[in-house]
Protein chains: 2
Amino acid sequence: MLERKTKNFINIDPIQTGGRLTEEAKKALLEWGDGYSICDFCQGKLEEIKNPPIYNFINEELPKFLGCDVARVVHGAREAKFMVMHSLAKKDAWIVLDGNAHYTSYLAAERCKLNVAEVPNTGYPEFKIKAEKYAEVLDETTKKGEVVLAVLTYPDGNYGNLPDVKRIAKICKDYDVPLLVNAAYAVGRMPIKLKEINADFIVGSGHKSMASTGPIGVLGMKEEWAEIVLRKSKKYKNKEIELLGCSVRGVPLMTLIASFPHVKERVKKWDEEVKKARYFASKMEELEIKQLGDKPHNHDLMFFHAENLYEISKKAKKGRYFLYHELKRKKIHGIKPGLTRYFKLSTYGLSWNEVDYVANAFKEIVEKYQLN
Amino acid sequence: MLERKTKNFINIDPIQTGGRLTEEAKKALLEWGDGYSICDFCQGKLEEIKNPPIYNFINEELPKFLGCDVARVVHGAREAKFMVMHSLAKKDAWIVLDGNAHYTSYLAAERCKLNVAEVPNTGYPEFKIKAEKYAEVLDETTKKGEVVLAVLTYPDGNYGNLPDVKRIAKICKDYDVPLLVNAAYAVGRMPIKLKEINADFIVGSGHKSMASTGPIGVLGMKEEWAEIVLRKSKKYKNKEIELLGCSVRGVPLMTLIASFPHVKERVKKWDEEVKKARYFASKMEELEIKQLGDKPHNHDLMFFHAENLYEISKKAKKGRYFLYHELKRKKIHGIKPGLTRYFKLSTYGLSWNEVDYVANAFKEIVEKYQLN
């Protein structure tokens, strides 16, 4: 038996807090676990399977949720970014990424042999991406060559910063550059609609933020892009080339569908999640552990700078692993083993009691070592 | 509750018979269902995660099983083909595919903008791919431009034909063209090793043939290709570009690992599976339903030509859906609704009793309608 040792822990790992399954999703796992079981009644196209109700999900529910014209499920946010970039890529062309972009945005661009221009963040301690910097970088880069796409990470996966996406979308429009919003930490956590942002593409992650098993992602776009990104094979007329026919042909899609009613409801409670995050950050600041990024913070993903924990790690018996072991003892999981000075965590989905428990755990750890 | 209506049926759908989960895999589903749970102790690279034992599986067990130097898990066989093609593609270059190739081989080539040359099969009734035809097509195509890859489907997904892969590999070597063997219906069902074939790449499918939930595939290669196909990012030194960093970051990988001890054992019983298939084909031939493709047949995936069922469908009350409904009544699933004249099925993993039950079902159906 391959056992998961951390399964009864309080989980504060940002990549995991939004991906915990609902009870409905757990049932779907067992019901649709067999390979290719979702293809029982397939007539040749994943998006058109009516039993189980994939057609309705991809063609009705998901576009409505994302506020877009056309949606697809894909293997993950990174694969969605790649398929858009790959569809738009041209020889010697450029892509503009925000300086807080996930590493996979770079990798996807590299895989497409695109030149990358970066919009720098404001540096320590806020690391903000400013709209006016997008304008500057677009201005410079369009002089160097064709810019086929801009990407904005909303929020980014390090600081949980939420840039002014509407203004950035407007700037991209002015430069006639389509904008992809990587909302892997937004879709399924907080309210967000492509049409309200007025960008061209929106990308979400099932395993990161939609209570789904991985790997699965969602891609929404405006109608005008569908014929390019979802272009069909010359030989197999109903098959979309970028999806290689069908994408998530398995159980992750069923967990996404099973959790979806819950996910639609939970985004309405986003204010409460922000409150919990801010409360937690204030408790950490009381311990002189500094919260970096947007302040006050607007997202459950938070980055901390703990000079005191770093100092402790220099003398602690377990060295830089002391924090990991202390938290493990308290059955808290999610801060990478070895980190003490800089680390991120997420309070998403924790009860207020759990938020207090985690905040207290840090307090106890700081006090324990500072007394020694 | 999203219920799967066919779950207690006898399943003869070729894409499903090899993907049914083991009990161990079902346990893994629940244990590792939460999104990104396998990343609990990740240090930055999927292939190096030691808890759960992914490192050992990808770096030791899988290459040994595939008989290759280097292996990776990917989202599926089609994604494996794409990443190899995408790594080798050049402007105006060619790829050679067998005429029985899965449609996704074409799509992957199309996605890479490769020109496609096809090795024709021998046509009705055997549809064989002959080694000498590979030589002919390679000869013609190398005159037109650079051939960056040849693909052989072994067996193909329509007829279950097993071409002379070793001879074809030898021919490709003579033309200095790397060969990818798409063994989505072989790896996990029958014994097969890349080094024995002496090809360059081998591709398998977890959800098709390795008792795994989908989507997941495996890719094995000779050492010399690793630096090309698994080339690393310039900016993120430990991340492989074609995998966009990490591929199957979720539960399908855990089901693959959980079922693996069983899969290693079951391939040793391949002779018995071939016996069952041949026995079933003989029973169908007694009903004047003709088995096409290799004869005697060497694989559980079989294609049938049933002129009599087609004649019945012209008069039956449910028309061309009569066969589907008759089989459904007998709790047999897997022949596409609407097919009567030509259809494929698989006897893989059925007990001898079930094989008899399915053969008898066809007999009863033929007799019932022929008496009317």
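These entries record what I looked up in a predicted model with chains A and B.

**Entry 1: contact between the chains**
I began with the contact, which takes 61 residues from chain A and 61 residues from chain B. I then listed the elements that give two or more residues to the side of chain B that touches chain A: helix 1 (14-17), helix 2 (23-31), helix 4 (77-88), helix 5 (103-111), helix 9 (206-209) and helix 11 (251-266) of chain B. Helix 5 of chain B supplies the largest share of that side, with 7 residues. By residue class, I noted 26 nonpolar, 17 polar and 18 charged residues on the side of chain B that touches chain A.

**Entry 2: relation of the copies**
I looked up the superposition next: a turn of 180 degrees and a shift of 0.0 Å along the axis lay chain B on chain A with an RMSD of 0.0 Å. The two copies are therefore related as by a two-fold rotation axis. Within chain B, I found that Leu29(B) comes closest to the rotation axis, its C-alpha being at 3.3 Å. I also compared the interface residues: 100% of those of chain B are interface residues in chain A as well, so the copies meet through the same surface.

**Entry 3: nonpolar core**
I turned to the largest nonpolar core, which has 244 residues. The residues with the most contacts inside this core are Ile95(A), Ile95(B), Val181(A) and Val181(B). I followed up Val181(A): leaving aside residues up to four places away in sequence, it touches Leu152(A), Tyr154(A), Val165(A), Ile197(A), Ala199(A), Phe201(A), Ile202(A) and Val203(A). As background, I note that nonpolar side chains tend to be buried together in soluble globular proteins.

Technical notes: Residues are numbered from 1 along each chain as its sequence is written. Chains are lettered from A and ligands numbered from 1 in the order in which they are written. This is a predicted model: local features need pLDDT of at least 70, side-chain atom pairs count only at pLDDT 80 or more; totals for chains, interfaces and linings use all residues. Two residues are in contact if their C-beta atoms, placed from the backbone, lie within 7 Å. Helices (H or I, at least four residues) and strands (E, at least two) are DSSP runs, numbered from the N terminus. Ala, Val, Leu, Ile, Met, Phe, Trp, Tyr, Cys and Pro count as nonpolar, Asp, Glu, Lys and Arg as charged, and the others, Gly among them, as polar. Copies are superposed by least squares on the C-alpha atoms of residues with pLDDT of at least 70 in both. A nonpolar core is a set of buried Ala, Val, Leu, Ile, Met, Phe, Trp, Tyr and Cys residues joined through C-beta atoms within 7 Å. A residue is buried if 20 or more other C-beta atoms lie within 10 Å of its own, exposed if 12 or fewer, and partly exposed in between; C-beta atoms are placed from the backbone.
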